[in-house]
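Please explain how this structure is put together, starting from its core and moving outward to its sheet, its ligands and its unusual backbone positions.

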Amino acid sequence: MNIVSQPAETPELETGSNAEYYSPYHRFSAEEWAKFRADTPLTLTADEVQRLRSLDDPIDLDEVRRIYLSLSRLLSTHVEATQRLFQQRNRFLSLSDITKTPFIIGIAGSVAVGKSTTARILKELLARWPSSPKVDLITTDGFLYPNAVLSRENLMERKGFPESYDIGSILRFLSAIKAGEPNVRAPRYSHLTYDVLPDEYTLVDRPDILIFEGINVLQSRALPADGKIVPIVSDFFDFSIYIDADEEQIHNWYVQRFMKLRQTAFRDPTSFFKKYAAIDADAARAVAEGLWENINLKNLRQNILPTRPRADLILRKGRNHLVETVELRKL
Ligand SMILES: Nc1ncnc2c1ncn2[C@@H]1O[C@H](COP(=O)(O)OP(=O)(O)O)[C@@H](O)[C@H]1O
Ligand SMILES: CC(C)(COP(=O)(O)O)[C@@H](O)C(=O)NCCC(=O)O
């Protein structure tokens, strides 16, 4: 076990005149982390992993073994402890017939860092623990304002920035989930049409765990001028994960994915990006570079990366999307 006294990128507190540093995180190499899986069985097959991973993400059974089994074991420990505490509190208060509330896991990180693959793998693994047979996954893109609204407000170049989301709707959604309400509606987004799907919803019906994934989930808002304390999205989280990688690495993944999508999704006549399947590769690459530079990189630097120190766990990826270090917040 390797506890680092002065990590390169986590915030540090100076303690005393000798300038010793305190890190709020335990830090493990992937190999150290893998040992925490203990006897957790590998319940996914290679075919299932292939089905769950996103385009261009080379995650395989070895990576599930190395990183995700320990993670699912840790998370199920948190879920079980929370469920026990909930029951004990109810007994303490002599309350009966109290609605169980879902355990909510937030997953944050840049566009193109691989949040969707992590979320889908975790969903499958967590559903195999006896304490959490029902796991739902919702992405925050459904809570973006529709393109008609973004265009009207001149926000199409700000898609993914805090002001492009209906944050009130996110908070109402999470609050209903935490209240144990049945059939809570989550709006849906299509990457194909690049827009929210009108009148299409996913129903979330009292799962044991809800995974809530999106670039913005660890963001806080500026305090309103009237000084009222308003909730933030992560107030509803029982555990949060940030997926991290070097900026240049994510840049490459974004552009490579865009170039691959030209051969696949962009060829669909209903694709918002279909014009980029028709132009030559150099011109398409220039478009991808522009989208990265002007939207996603700016958003990463201004709004996403600054939220990393709020996560309970940081998965740091190296080349090939493989996780190299895991940082876990000290309790
Ligand atoms: N233009 C697009 N067309 C089709 N699918 C897309 C497009 N952009 C992203 N995706 C897919 O949407 C999912 C979410 O992508 P993104 O928001 O970049 O997050 P991440 O890569 O961290 O999962 C991924 O599975 C990705 O492959
Ligand atoms: C839809 C997204 C903002 C991601 O949303 P999320 O699910 O993380 O809320 C992102 O994929 C996106 O479209 N960014 C805008 C620039 C671009 O087209 O890449």
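A nonpolar core is a set of buried Ala, Val, Leu, Ile, Met, Phe, Trp, Tyr and Cys residues joined through C-beta atoms within 7 Å. The model shown here is predicted. Its largest nonpolar core has 73 residues, of which Ile104, Ile105 and Ile211 touch the most other members. Helix H3, residues 61-92, supplies the largest share of this core, with seven residues. Apart from residues up to four places away in sequence, isoleucine 105 touches Leu75, Ile209, Ile211, Phe237, Asp238, Phe239 and Ile241.

The next element to follow is the sheet. Seven strands form an open sheet with mixed pairing, in the order S3-S11-S10-S9-S4-S8-S5. Strand S3 (25-29) and S5 are at the edges and have a single partner strand each, so one side of each is left without a neighbour in the sheet. From one strand to the next, the twist averages 20°. Within the sheet, strand S9 (residues 239-244) and strand S10 (residues 313-317) run parallel and are joined by four bridges. Aspartate 244 is placed opposite arginine 316 in S10.

At the S5 edge, the partner is strand S8 (residues 209-213), and the two pair in the parallel sense over five bridges. Isoleucine 138 faces phenylalanine 212 in S8. Is strand S5 enclosed or open to its surroundings? Five of the five residues of S5 (residues 135-139) are buried, so this strand is largely enclosed by the rest of the structure. Its residues point two ways: Val135, Leu137 and Thr139 to one side, Asp136 and Ile138 to the other, and all are buried.

Leucine 137 shows this in detail. It belongs to strand S5 and has 21 other C-beta atoms within 10 Å; the cut-off for a buried residue is 20 or more, so leucine 137 counts as buried. Leaving aside residues up to four places away in sequence, leucine 137 touches Ala119, Arg120, Lys123, Ile211 and Glu213. Proline 207 is 70 residues from leucine 137 along the chain, and their C-alpha atoms are separated by 9.7 Å. Helix H4 (residues 115-126) lies across strand S4 (103-109), S5, S8 and S9, and runs at about 175° to S8.

Two ligands come next. Around ligand 1 there are 13 residues, and the closest are Ser54, Lys115, Ser116, His191 and Ala265. By class, this shell has seven nonpolar, five polar and one charged residue. Ligand 2 is surrounded by Val111, Thr139, Thr140, Asp141, Lys159, Gly160, Gly214, Ile215, Leu291, Ile295 and Asn296. Which element gives the most to the shell around ligand 2? It is helix H9 (residues 281-304), with three residues. The shell around ligand 2 divides into four nonpolar, five polar and two charged residues.

Last come two backbone positions. Most residues other than glycine have a negative phi. Alanine 38, in the loop between helix H1 (30-34) and helix H2 (46-52), has a positive phi near 50°. Alanine 38 has 8 C-beta neighbours inside 10 Å and therefore counts as exposed. Aspartate 199, in strand S7 (residues 195-204), is not a glycine either, yet has a positive phi of about 60°. Aspartate 199 counts as exposed because it has 7 C-beta neighbours inside 10 Å.

Key:
Residues numbered from 1 in each chain as written. Chains lettered and ligands numbered in written order. Predicted model: local features only at pLDDT ≥ 70, side-chain atom pairs only at ≥ 80, totals over all residues. Buried ≥ 20, exposed ≤ 12 C-beta atoms within 10 Å, placed from the backbone. Pairing = 2+ DSSP bridges. Near = placed C-beta within 6 Å. Nonpolar A, V, L, I, M, F, W, Y, C, P; charged D, E, K, R; others polar. Contact = placed C-beta atoms within 7 Å. Axes fitted to C-alpha atoms, helices over the stretch in contact; angles between N-to-C directions.
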